[in-house]
Protein chains: 2
Amino acid sequence: MISTLHRGGSRIVLSQVEIGRLTLTQQRMAIRSGRYQEHTAGLAAGRLQANLAILPQAYAADFEAFCRENPAPCPLVGKSDAGNPIWSALGDIDIRTDVPAYNVYRNGELHDTVPDITDLWQPDMVAFALGCSFTFESALIAGGIRMPHIEGNTTVPMYRTNLQTRSVGPFGGGMVVSMRLIPDEQVPLAEEITARYPWAHGAPVHTGDAQEIGINDITRPDWGDPPLGRGTPVFWGCGVTPQNALAQARLPLCITHTPGRMLITDISDTEDAFV
Amino acid sequence: MISTLHRGGSRIVLSQVEIGRLTLTQQRMAIRSGRYQEHTAGLAAGRLQANLAILPQAYAADFEAFCRENPAPCPLVGKSDAGNPIWSALGDIDIRTDVPAYNVYRNGELHDTVPDITDLWQPDMVAFALGCSFTFESALIAGGIRMPHIEGNTTVPMYRTNLQTRSVGPFGGGMVVSMRLIPDEQVPLAEEITARYPWAHGAPVHTGDAQEIGINDITRPDWGDPPLGRGTPVFWGCGVTPQNALAQARLPLCITHTPGRMLITDISDTEDAFV
């Protein structure tokens with residue numbers, strides 16, 4: 001489809017509605033060419049979407065160990081070959097171009113947000129893909145559990161907690177969680193369904209009283225929008241945790257996806273994918 | 001995923017936003033179980049969607065010949081084995097349950113709209129799948145041509161014309177067209193792109209003066225919403241044509257998809273799929 005995209009000289013930027021009508025290949029080409037830089041929620045139904053972290057190889061072993069020690073907030077689904085921006089294990093993917101938008105951190109500070117990191121790519125870089133909550137939210141919906149924040153087109157609420165990660169090298173800090181209000185009678189089902197997706201945060205890390213994990217007011221999240229719906233608060237490990245760990249480690253250079261703009265892989269997003 | 005759907009006893013009806021978050025398999029299971037009965041536009045990115053016509057075998061040969069004589073409005077992409085509701089050539093498909101909503105015609109009159117035709121299925125029935133405009137609209141968007149009716153969440157305008165189909169047996173009548181306003185300089189590109197999709201209406205049947213094909217006022221379509229956008233009117237063969245031909249033939253029983261509620265196949269919706 002590259003020839004189609006470039007023939008006619010068109011450089012129109014696509015809306016979320018427009019990209020939703022494209023095939024997976026067309027969606028990727030639109031992202032690769034910088035024509036789509038928005039959220040990926042709801043795109044590429046059936047394909048695994050992932051959080052992305054790119055860092056110098058010198059820190060890669062520690063970061064990988066940190067993820068393995070903290071699988072609920074940091075579920076590792078892939079690691080690229082050092083220096084190789086083509087990530088064929090995850091599909092027809094060029095790490096430098098295939099995420100709608102990247103956050104570039106220098107010494108732990110957000111330096112820039114860009115649609116392409118080709119100019120920033122270094123031969124010692126390693127990329128990590130971490131599972132994300134889109135996977136288990138689809139499974140919860142399929143299981144008959146409503147997700148009011150999706151229906152309301154808001155971002156799920158996320159909170160700092162008093163739960164600590166297990167530190168490895170420069171990586172550590174508190175665990176961040178996302179929260180969904182689940183109707184009381186569906187809480188066991190929600191726990192059962194998400195436990196099947198260990199590569200996408202897995203089972204809840206806490207259910208019920210928010211104060212037990214250091215959250216004083218669930219109506220005032222640290223990130224995202226206030227909660228919608230009614231029921232028991234159920235908390236899952238959240239991908240903001242490794243982002244905070246990376247920022248606190250103050251690496252000279254670190255690149256992540258911009259929140260909500262995920263890496264779309266070619267891997268089937270089913271229960272069997274990583275079991 | 002059937003066990004997940006049924007476990008918990010949930011029978012919630014899904015919204016378009018919710019089903020958009022599901023995997024292809026989950027989407028099909030939601031449709032199969034009657035939990036989703038709405039439009040399929042934008043679902044299952046990358047999979048061919050098709051118009052569906054189910055009729056008694058006694059009329060099947062004539063209808064197939066009618067489609068082959070009129071490929072622009074009636075692009076045939078598949079025919080099921082008579083009496084067999086499982087349509088494995090198109091994927092994991094049960095014709096009786098896998099369309100969100102069906103129109104049931106008796107003697108040419110709309111008799112009922114139902115989410116499931118298991119009770120109506122007869123051993124002499126044959127199903128036909130005809131390509132639809134979702135395919136070429138995706139290609140036009142990927143090619144840099146805006147589709148304002150999609151962005152505006154309206155239905156494309158459709159018109160009766162003075163163009164006649166080639167009749168076969170009881171099947172005939174006028175050709176119905178859909179129309180999109182294309183910026184003047186992009187008209188050749190739009191013609192070139194859609195010509196690559198003969199199984200999805202192919203190249204336009206007319207470009208420019210609407211009155212030449214018997215349309216007096218493009219702002220007042222016979223079906224769908226008034227046109228959005230600006231440019232040259234470009235007309236493509238439309239799947240309402242075979243629906244009208246079937247109604248006019250006054251078959252004792254005929255079942256189609258309800259407009260907009262398409263059959264989602266497992267076939268890849270790419271340029272190579274049917275060439």
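**Exercises on a sheet and a loop residue in chain B**

β6(B) pairs with strand β7 (residues 174-182) of chain B in the antiparallel sense, and four bridges join the two; the model in which this pairing appears is a predicted one.

**Exercise 1.** Work out in which order the strands of the open sheet in chain B lie, and which of them stand at the edges.

*Solution.* Begin with the pairing of β6(B) and β7(B), in which Q164(B) has G174(B) as its bridge partner in β7(B). Extending this to the whole open sheet of four strands gives the order β6-β7-β9-β8 (chain B), with antiparallel pairing. It follows that β6 (158-164) and β8 (206-207) of chain B are the edge strands, because each has a single partner strand and one side of each is therefore left without a neighbour in the sheet. As a last step, look for what packs on the sheet: helix α8 (residues 240-249) of chain B touches β6 and β7 of chain B, and its direction makes about 160° with that of β7(B).

**Exercise 2.** Determine whether Y36(B) is buried or exposed, and describe its surroundings.

*Solution.* First place the residue, which lies in the loop between α3 (24-32) and β1 (47-56) of chain B. Next take its relative accessible area, which is 0%; since buried means under 20%, Y36(B) is buried. Then list its contacts beyond four places in sequence, among them L14(B), I19(B), L43(B) and P100(B), together with A30(B) and I31(B). A30(B) and I31(B) are themselves among the buried residues of α3(B), a helix that is largely enclosed by the rest of the structure because seven of its nine residues are buried. Finally, note that just after α3(B), G34(B) takes a positive phi of about 80°.

Methods:
Residues numbered from 1 in each chain as written. Chains lettered and ligands numbered in written order. Predicted model: local features only at pLDDT ≥ 70, side-chain atom pairs only at ≥ 80, totals over all residues. Heavy atoms only, no water. Pairing = 2+ DSSP bridges. Contact = heavy atoms within 4.5 Å. Axes fitted to C-alpha atoms, helices over the stretch in contact; angles between N-to-C directions. Buried < 20%, exposed > 50% of the residue type's maximum accessible area, 1.4 Å probe, protein only.
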